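Colleague: Hi! I'm new to this one, so could you walk me through it?

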Amino acid sequence: MNDMSPSRWDVAEVSPNIGCTIKTDKQTLLSGAKAKEIRALMESRGVIVFPQINLTDDEQIAFTHTLGTFAHEVGESKSGMDSVYPITMDPKVNPNASYLRGAFFWHIDGTMSDMPILGSIMSARSLAKDGGETDFCNTYAAFDALPEDEKAEIEKLKVVHAMWRSQLYHDPEPDYASMKLWQSIGKNTLPLVWKHRTGRKSLVLGATALQVEGMDMFESELLLVRLREWATRPEFSYRHTWSLGDMVVWDNTGTMHRATHYDYNSGRLMHRTKLEGEEAFA
C-alpha cells in the first residue's frame with residue numbers, strides 16, 4: 001500500500017450489547033491513527049475482533065504500544081525485551097500451563113491487584129480441532145440492566161477475592177503443598193460494583209470471588225452465583241470462534257471472559273500481549 005491508498009476501516013457490531021468486528025489493514029493498525037477510536041470501542045463494545053489480520057509477534061507488540069503502556073508478565077523484568085505470552089496447555093511451550101487451566105471459567109484478569117490490566121490483545125497461532133472458543137460478557141451492560149432496587153442493594157457491597165478459589169474449579173482436591181502455594185498469593189477485597197472514573201458502573205465477579213464481606217456464606221454464594229448467571233446471559237455475551245490469524249482486543253475492566261474446553265494436547269496456541277492498568281478498582 002502506498003501513502004495515497006485509502007485505509008480500510010469497516011466497523012460492524014456483532015450484537016446489541018457487546019462486541020464488534022473491524023476489517024482493516026496492517027498499516028492502519030500499526031500507524032496508531034485509529035488508536036483513540038479503538039480505545040473508545042474497547043470501552044463501549046468490550047470486545048473488538050480483527051478477523052485474520054495476521055499480525056506477526058513484532059507487529060502485535062508494536063500495535064499494543066499504540067494503545068497504551070505495554071504490560072509485562074508477572075515476574076518479568078520491565079527492563080527486558082517486550083514479548084508475547086504463549087497461551088497454551090503444553091508445558092513444553094509454557095511451563096505455567098497448569099495455572100492457565102483457570103481460564104476455562106469466567107474471570108477478570110487481575111483481581112488480586114488493586115489496579116487490573118486495562119486490556120488484552122490475543123492472536124490465534126494454532127487452533128484446536130474441537131472447542132477452544134473464547135466467551136466474553138459485558139459487565140457494564142449487565143449492571144445497567146439490573147432493576148434499580150437491586151442496584152441500590154449491591155452497590156456498597158465488597159467481595160473478598162482469592163486466587164486459590166479459582167484453582168479449585170479445575171483441581172478440586174489439591175494436595176497440601178499446592179493449596180499452601182495458592183494461598184500464599186493472599187486475598188484482595190474489591191467492590192462488587194466498580195464505579196469507573198467515567199461514571200459508568202460494572203460488576204466485579206468471576207472465579208476468584210470467594211465471599212461477600214459481612215454476609216453469611218450461604219447467602220453470599222447465592223448472590224455471587226446469581227449475578228454471574230445474570231452477567232453471562234446471552235444478551236450480554238459474545239462467543240468468538242477463532243480462525244487462524246484473528247486478533248481480538250478486549251477491555252478487561254468491563255468484561256469477563258473464559259475459554260471453552262479443548263483437548264490439552266490439541267496444540268492450541270494463542271499469543272497475548274497486555275495493556276497496563278490505568279484505573280484502580282476502588
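Colleague: Let me start with the second largest pocket: which helix gives the largest share of its lining?

Modeller: That would be helix α2, residues 35-45, which supplies 4 residues of the lining. Keep in mind as we go that this is a predicted model.

Colleague: Noted. What volume does the second largest pocket have?

Modeller: Its volume is about 250 Å³. There are 13 residues lining the second largest pocket, and Arg 39, Glu 43, Leu 118, Arg 197 and Thr 253 are the closest to its centre.

Colleague: How does the lining of that second largest pocket split by class?

Modeller: It has 6 charged, 4 nonpolar and 3 polar residues.

Colleague: And the largest pocket, how much space lies in there?

Modeller: About 1400 Å³. The lining of the largest pocket is made of 50 residues, and those nearest its centre are Tyr 99, Asp 109, Gly 110, Arg 272 and Lys 274.

Colleague: Which element gives the most to the lining of the largest pocket?

Modeller: Helix α6 does, with 4 residues. Several elements supply at least two residues each, including α6 (163-170), α7 (176-183) and the strands β6 (119-126) and β16 (269-275).

Colleague: What about the classes in the lining of the largest pocket?

Modeller: There, 24 residues are nonpolar, 16 are polar and 10 are charged.

Colleague: Okay, changing topic to sheets. What is the strand order in the open sheet that contains β8?

Modeller: The order is β9-β8-β12, so to speak from one side to the other, and the pairing of these 3 strands is antiparallel. At the edges sit β9 (187-191) and β12 (209-212), each pairing on one side only. On average, neighbouring strands of this sheet are turned by 30° against each other, ignoring direction.

Colleague: How many bridges are there between β8 and β12?

Modeller: Strand β8, residues 158-162, pairs with β12 over 3 bridges. As an example you can look up in the view, His 161 has Ala 209 in β12 as its bridge partner.

Colleague: You mentioned α6 earlier. Where does α6 pack?

Modeller: Helix α6 packs on this sheet, where it touches β8 and β12, and its direction makes about 60° with that of β8. Helix α8, residues 217-231, also packs on the sheet and touches β8 and β12; the direction of α8 makes about 125° with that of β12.

Colleague: Nice, so α6 comes up twice: in the lining of the largest pocket and on the sheet. Now, what is the order of the open sheet with β7 in it?

Modeller: That sheet has 3 strands in the order β13-β7-β15, with antiparallel pairing. Its edge strands are β13 (237-240) and β15, each of which pairs on one side only. Neighbouring strands here are turned by 20° against each other on average, direction ignored.

Colleague: How many bridges join β7 to β15?

Modeller: Strand β7, residues 134-138, is joined to β15 by 5 bridges. One pair to look for is Asp 135 with its bridge partner Arg 258 in β15.

Colleague: Last one: is β15 mostly covered or mostly open?

Modeller: Mostly covered, with 4 of its 5 residues buried. Strand β15 (255-259) also supplies at least two residues to the lining of the largest pocket.

Definitions and conventions: Residues are numbered from 1 along each chain as its sequence is written. This is a predicted model: local features need pLDDT of at least 70, side-chain atom pairs count only at pLDDT 80 or more; totals for chains, interfaces and linings use all residues. Side-chain values use heavy atoms; hydrogens and water are left out. On a 1 Å grid over the protein atoms alone, a cavity is a set of points where a 1.4 Å probe fits but cannot get out, and a pocket is an open set with protein on both sides within 12 Å along at least five of seven lines; lining residues have an atom within 4 Å of a point. Grid points are joined across faces, edges and corners, and a volume is the space filled by probe spheres set on the points. Ala, Val, Leu, Ile, Met, Phe, Trp, Tyr, Cys and Pro count as nonpolar, Asp, Glu, Lys and Arg as charged, and the others, Gly among them, as polar. Two strands pair if DSSP finds at least two bridges between them. Axes are lines fitted to C-alpha atoms, for helices over the stretch in contact, and angles run from 0 to 180 degrees between N-to-C directions. Contact means heavy atoms within 4.5 Å. Buried means under 20% relative accessible area, exposed over 50%, partly exposed in between (1.4 Å probe, protein chains only).
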